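This report describes selected helices, strands and loop residues of a protein chain. The sequence and the structure are shown below.

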Amino acid sequence: MAVIGEEEKCPHYSKIENITKAIDEADVIILTSPVYVVHATGAMKALLDHYGYRWMIHRPEESMFSKQGVCITTAAGAGMKSTLKDMADSFFSWGVAKQYKYGMAVAATGWDEISEKKKTAIDRKITKLAKKITKRVGKVKPGIATRMYFLMISKMQKKGWNEADMEYWKKKGWTEKKRPWKK
């Protein structure tokens, strides 16, 4: 039986290789998208779709379980909650240990149109968030929801349904007692 699911088969693999490397080497991953039709933009969605193979159900990258992720969006009006969820869902499925979300309704379509009062509020909140993130670099572990989901997938991968995924999990030792957040 041929092993299916190798990411190198993606026609865009070489185009996103540098992005993948940057994500893997980062302590903090920041995803940002303006609200577009009450969701993340098509460009953000396309980027995230390229990493579907890294979802926990498939072949998560071990380093994600010690990273922090930040989702940021702005909107002229509504749609921030669903836009943030679009990006945060990928963080959860990648196993990112700690997530933060920040959204601001700016009632504008460009930075120059935003009121000084809102710009000050954005600066204050982002500065506070940045300090919190900086203090936690290298010190985060996944929460209970991520750990429980991982354990459920671990049990499923013992029998598996996709040979590439099953081999990956077994090679990592994750179908037994080893966990990516324990060193």
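In this predicted model, the buried residues of helix α4 are covered in part by three strands, namely β1, β2 (68–75) and β3 (98–105), which are among the elements in contact with them. The buried residues themselves are Lys 119, Ala 121, Ile 122, Leu 129 and Ile 133. Viewed down the axis of α4, they fall within an arc of 155°, so they line one face of the helix. The other side of α4 carries exposed residues: Glu 116, Lys 117, Arg 124, Lys 128, Lys 131, Thr 134 and Lys 135. An α-helix has 3.6 residues a turn, so residues three or four places apart point the same way.

The length of α4 can be checked against its residue count. The helix comprises 21 residues (116–136), for which a rise of 1.5 Å a residue predicts a span of 30 Å; the C-alpha atoms at its ends lie 30 Å apart, in agreement with that value.

The same check applies to helix α1, with 13 residues (13–25): an expected span of 18 Å is matched by a separation of 18 Å between its end C-alpha atoms. Helix α1 nevertheless contains a kink of about 30°, centred on Ile 19. Its buried residues include Ile 16, Thr 20 and Ile 23, and β1 (28–32) is among the elements that cover the buried residues of α1.

Strand β1 thus appears in the cover of α1 and also in that of α4. Its side chains alternate along the strand: Ile 29 and Leu 31 point to one face and are buried, whereas Val 28, Ile 30 and Thr 32 point to the other and are not buried. Strands β1 and β2 run parallel and are joined by five bridges. Within this pairing, Thr 32 of β1 stands opposite Ile 72 of β2. The connection from β1 to β2 passes through α2, forming a β-α-β crossover that is right-handed.

Which backbone and exposure values apply in the loops? Most residues other than glycine have a negative phi. Two non-glycine residues with a positive phi are listed here.

| Residue | Phi | Location | Relative accessible area |
|---|---|---|---|
| Val 38 | near 65° | loop between β1 and α2 (42–49) | 47%, partly exposed |
| Ala 107 | near 50° | loop between β3 and α4 | 59%, exposed |

The cut-off for exposure is over 50% relative accessible area. Ala 107, at 59%, therefore counts as exposed, while Val 38, at 47%, is partly exposed.

The segment after α4 also merits description. Gly 138 follows the helix and has a positive phi, near 80°. Val 137 lies in the loop between α4 and α5 (144–159) and is partly exposed, with a relative accessible area of 34%. With residues up to four places away in sequence left aside, Val 137 touches Asp 27, Val 28 and Gln 68. Of these contacts, Val 28 belongs to β1 and Gln 68 falls within the residue range of β2. The C-alpha atom of Val 137 is separated by 11 Å from that of Ile 29, although the two residues are 108 residues apart along the chain. Ile 29 is one of the buried residues of β1.

Methods
Residues are numbered from 1 along each chain as its sequence is written. This is a predicted model: local features need pLDDT of at least 70, side-chain atom pairs count only at pLDDT 80 or more; totals for chains, interfaces and linings use all residues. Side-chain values use heavy atoms; hydrogens and water are left out. Helices (H or I, at least four residues) and strands (E, at least two) are DSSP runs, numbered from the N terminus. The expected span of a helix is 1.5 Å times one less than its number of residues. The bend at a residue is the angle between axes fitted to the seven residues ending there and the seven starting there. Buried means under 20% relative accessible area, exposed over 50%, partly exposed in between (1.4 Å probe, protein chains only). Contact means heavy atoms within 4.5 Å. The arc is that of the directions from the helix axis to the C-beta atoms. Two strands pair if DSSP finds at least two bridges between them. A crossover is right-handed if, with the strands pointing away from the viewer, the path from the first strand over the helix to the second runs clockwise.
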